[in-house]
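Biologist: Hello! I am new to this structure and would like to learn how to read a sheet. Could you walk me through one?

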Amino acid sequence: MRKHVSVLIAILMVTVLVLSACGKKEEAPKEGAAAGGGKSAAASTVKLGIFKNVTHAPGYIALEKGLFQKYWGENVKIDVVAFDNGSDFSTALATGEIDLGFVGPGPSTNQYIKSKNFKVISGSNNGGAVLVAGKDSGITSVKDLQGKAVAIPTKGSTNEISLRLLLKENNLNVTTDKSGVNIIARAPADTLIAMRQKEIDATLIPEPWGTQMEQEGIGKIIVDWNKIPPNNGNYPLTILVASDKFLTEHRDMAKQAIKANAEAIDFIKKNPDQSYELINNRLKALSGKGMDLALIKAALSRLNLTTDVSKEAIEEMAKVSIDAGYIKEVKKEQLDLSKFVDLSLLEEVKAGK
């Protein structure tokens, strides 16, 4: 009897030890959960914002090719939220309606100065806006804009900042009378209609709208994308931004979003013909309407897709916003965007981490 009891005790001890060892075993992180040695948990849902513009092509490809899903894992639900302008996007990001996404530096900087609760984490596209004059406007150069009405997508947008820099280079003022240039805000689709009906004289607008106006014969590009200030088109037009909350709670996922964006850029460069159809598919999903593939091709030829971000260019544009009265919280000499442009994750990605 004692012998049987001893055997039972020995079996129980071995069982306890085995169960204890199983309890201490760590699960390997699922794909997209904590790559790069990070410890942050994966979000169950990510709200991603993006525009209905071809200048957001890398984001379109990343969605169409399932690259965000690839890096975040199949268990993550992606809610895509489409925006018509950067002001609405930036407000949504600041108030927690979205977690991250693609936007222009103009409105996002304006909002950051107020809320200081999100960051630039990567570039996506440099340039891609053009100055288009109406067919019968008589405008053949920037100097001819005096006394004319010029449309931009929204007040405080990156396109307006570029326009103001262009006017300054040509000694033109922004006014509401014939002594200068009258800047009016119209959504790109409305600008296209206004150009057809000759309600505006010119527009500084992101692609593919400029190319479409030119191909329709209702407008002519008088300043191409690689002559638009600052830096002759080599300025951030589309950047990847993320909320501080998302960066704190899901830093690894933010890093993986940068990888998805970079992989999408690489795909477009290596597979342009395949990209046109994919971009069109996403455009249909976001706006309800597709676009002629030849138009998308022409528009992409005016983009410089890159993850690089010029902090200096963003600062220059912010100073224009201060002069224009869109940023009232700081003076130019007090401007500090060092915490706004945080490329530490991008640097890790480039280093292969």
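Modeller: Gladly. Keep in mind that this is a predicted model. A good starting point is an open sheet of 5 strands, with mixed pairing and the order 7-6-8-5-9.

Biologist: Which strands stand at the edges, and why is one side of each left without a neighbour in the sheet?

Modeller: The edges are strand 7 (182-185) and strand 9 (219-223); each has a single partner strand, so one side has no neighbour in the sheet. From one strand to the next, the twist averages 30 degrees.

Biologist: In which sense do strand 6 and strand 7 pair?

Modeller: Strand 6, residues 149-152, pairs with strand 7 in the parallel sense, over 4 bridges. To find one of these on screen, look for Ile-152, whose bridge partner in strand 7 is Ala-185.

Biologist: What does helix 6 touch when it packs on the sheet?

Modeller: Helix 6 (residues 158-169) touches strand 5 (129-134), strand 6, strand 7, strand 8 (202-206) and strand 9. The direction of helix 6 makes about 130 degrees with that of strand 8. Helix 8 (residues 209-216) packs on the sheet too, touching strand 5, strand 8 and strand 9. Its direction also makes about 130 degrees with that of strand 8.

Biologist: Now for the whole protein: how many helices and strands does it have?

Modeller: There are 14 helices and 11 strands. Of the 353 residues, 53% count as buried. The accessible surface comes to about 16,500 Å², and 50% of that belongs to carbon and sulfur atoms.

Methods. Residues numbered from 1 in each chain as written. Predicted model: local features only at pLDDT ≥ 70, side-chain atom pairs only at ≥ 80, totals over all residues. Heavy atoms only, no water. Helix = DSSP H or I, 4+ residues; strand = E, 2+ residues; numbered from the N terminus. Buried < 20%, exposed > 50% of the residue type's maximum accessible area, 1.4 Å probe, protein only. Areas by Shrake-Rupley, 256 points an atom, 1.4 Å probe, with all protein chains shown as cover. Pairing = 2+ DSSP bridges. Axes fitted to C-alpha atoms, helices over the stretch in contact; angles between N-to-C directions. Contact = heavy atoms within 4.5 Å.
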